[in-house]
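Me: Please take a close look at a single part of this model and describe how it packs. Start with the setting in which that part lies, and explain each term as you go.

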Amino acid sequence: MKKIKPFFLSKKVFGYPYVLFMLIFVIMPLVLILVNAFLDTDGYLTLENFKTFFTEKSSLVVLGNSLLVGLITTVICLLIGYPVAYILSKYSSGKILVLLFILPMWVNFLIRTLATKAVFVAMGVELGMGTVIFGMVYNYLPFMILPLHTVISSIDKSYIEAAEDLGADKSNVFLKTILPLSVSGIISGITMVFIPTISTYAISQLLSNGTIFLFGDSIQMKFEQGLYGVGSIMSIVMLIFVLISNFLMNKFSNNMQRRTIW
Amino acid sequence: MKENTQPKPVETTPDKKDVVKSDNIIELKNVCKVYDGKEAVKKSSLNIQKGEFVTLLGPSGCGKTTTLRMIAGFETPTSGRIYFNGEDITDTPPYLRKVNTVFQKYALFPHLNVFNNIAFGLKLQKVAMEPFVDKKGRTVTKFRKYTKEEIKRKVDAVLKMVDLEDYGHRNVASLSGGQQQRVAIARALVNEPEVLLLDEPLGALDLKMRKDMQIELKNMHRRLGITFIYVTHDQEEALTMSDKVVVMRNGEIQQIATPEQIYDEPANAFVADFIGESNILSGVMLEDYKVEFCDTVFECVDKGFKKKEPIDVIIRPEDFKIVKPDSKDALLTAVVDSCVFKGDHYQITVIANDNELIVNDTLAQKKGDTIGLYIKPFDLHIMRKARIINELKTEMVSEGLVNICGGQFECNSDLPQGTKVLVKVDFDDVEVTDDAEDGKIAGVVINSIYKGNYYQCIIKTDDQYDFFVDTDDDWLKGDRVGINIAKDKIIVEKLEEEVSDEKEEKNEEN
């Protein structure tokens, strides 16, 4: 009789669903975007889409705006997130604080954003750039705090003691050991905030009453208008920006490990 | 080394208030550290002189590292004061103390290379410039930082001292354990501290490297002339390197003395057992200069004991001299039980009047042979026993039932319930069970010492009473065991009503 190899014993089998998933939901959309970028509305091969995007002033402004909003949000998140993460890792009472920061994450982000909008309207705050950035920071702050918290709380206490022993007061201990040792957390925090913010949509529309358009919003609009070609080009441009920022982050963090900060 | 660095013999705590100006660079006065209700260091006092190499020695958990960390400033004593050059530094933060530490796991900064690790302290230091007189006629001393050239010169000098001249640019993670160790030492020394603290610095190195580093550290100490405070659990390391050894156990200082004194005149059975191999035997002091053990009467150099006082005798294995059994020098005859070659000597186990003794000699002996043993009276070290009977104050649970450390024991006493009583149990009447569940009460073995033909171990019960137990078995330190006591062996005595405040004393006895 032929020996049958039991199906469940081959480990490779467990990988198949993932491969299938990747093919359908990751590779295929990318290919579709790439193909769409070179097709006009009638389905003929063209480079017209590129021309449209790169000559249309408004779409470039939107891109610039997105990058700016992403940058501002990231900086604010870092400025708020680092002290919070530091306090959290230092004091055990920080658990309540971490809960307060994580709690909003349990609410759907659309509902959260709508609620924020309602609060602003009730308070009579004019919706605009300020409120958009507030919404962004509010939504993405936990993504900054978590990696920072992980890294800072894993710093060996003996480094801090060694620095104190060598004559560093509290501020020097922070500047010369804790900060440089938490660079990897800073970088992953930045990555986790900056990349989603440049591509996000809905938040900006909702919190500015549709007056501020970010890149994500305009991609959505292009697809809604049936301009698949231009939409695809914009998606690719965004993808390239994400890749560039990722590449820069990696390069920076690699350098950090080899070189000194001061 | 300077002449005045020679340590004084056994130190006692000076209680005088006027000792502020002295050679002591560091003084601990009644320092005590409590963690979560547990005393890591119990009221300890210690004086360290300028230029001394002092070692804190003891098994893990004895409080030696905590003591060092209090000197460094990482821990604040719960009570007591610490003085540095006569100045109270108890509440001074570590960065203002003129001490530097070599950490157990080196704690080299991973984000800095070797050069910058060493330069870390220098970059933070401020140096006084030439005082000058300003326009208003005041003398002003300005401070400046070290220049780059000065830092480079100092770092290079210290790198040369630890034999790592070309390693400045290297990443610390790429260094071997021994090299990291040297960087850690260089990083501490470059700041020219008055006291260098070393927390088990050689613990992570292999034997060969450790030996080399021991010699190097000792040389560095000699060259620099600064005070070294060294923490280790390795008694050999302590004895070879130090000017003064502080033996600690359970948060208490057992003995402060030179290595020779620690070895030759241990203060108690614990020190004797911890510092190298030794024979510890129970004996009786018959009168001044006369002691009996191994069923034999010996001459000794000790006096001042009560007549017939039970004592412990300590004899180092190499202090025995093997003679012919019929020689008139043979104070004791013994039968050879085993003989093991140990590299530079033979370790001979002999049985003398039912007592097992270890004898070190350069000549081998045949198993079964009868030999004579001679010991110089000077080499018999006699110590008072910490305790001769287990004694504790408690009360009756009911007639014929007494409470001992939370367990109810049957006894031959018909005193009524609630009567305060004194319970006495002989060391060899305490039965130890392997399984904590099998005993009426349970405790942890904290010590076990071989005493010739039995083991004396100390078992700490859950309510912190130390039971002294004589058994035939060697119980493992740290094991949890059960304790039973036979009904007939419990001696119950009625106590008068003055118990309350004496209870404390009883507990402190050990």
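Reply: **The chain contact and helix α2 of chain B**

The contact between the two chains takes 22 residues from chain B and 19 from chain A, where contact means heavy atoms within 4.5 Å. The model is predicted, so local features need pLDDT of at least 70 (pLDDT being the predictor's confidence in each residue, from 0 to 100) and side-chain atom pairs count only at pLDDT 80 or more, whereas totals for chains, interfaces and linings use all residues. Residues are numbered from 1 along each chain as its sequence is written, chains are lettered from A and ligands numbered from 1 in the order in which they are written, and side-chain values use heavy atoms, with hydrogens and water left out.

Together, chain B and chain A bury about 2,000 Å², 64% of it on carbon and sulfur atoms; buried area is the accessible area (1.4 Å probe) that two parts lose on being put together, summed over both. On the chain B side, the residues losing the most area to chain A are B:Y95, B:H111 and B:L124, which together account for 31% of what that side buries.

The part to examine is helix α2 of chain B, residues 114–124, helices being DSSP runs (H or I, at least four residues) numbered from the N terminus. Its axis comes within 10 Å of that of helix α3 (residues 148–161) of chain B, and the two cross at roughly 120 degrees, with axes fitted to C-alpha atoms over the stretch in contact and angles running from 0 to 180 degrees between N-to-C directions. α2(B) and α3(B) are therefore oblique to each other, since angles under 35 degrees count as roughly parallel, over 145 as roughly antiparallel, 65 to 115 as roughly perpendicular and the rest as oblique. Among the residues of α2(B) that meet α3(B) are B:F115, B:A119 and B:L122, and among their counterparts in α3(B) are B:I151, B:V155 and B:L159. By class, this contact of α2(B) with α3(B) has nine nonpolar, no polar and four charged residues, where Ala, Val, Leu, Ile, Met, Phe, Trp, Tyr, Cys and Pro count as nonpolar, Asp, Glu, Lys and Arg as charged, and the others, Gly among them, as polar.

α2(B) also packs on helix α4 (residues 177–189) of chain B, at an angle of about 30 degrees and with the axes 7 Å apart, so that α2(B) and α4(B) are roughly parallel. Here B:V114, B:N117 and B:I118 of α2(B) touch B:V183, B:A186 and B:R187 of α4(B), a set that divides into four nonpolar, one polar and one charged.
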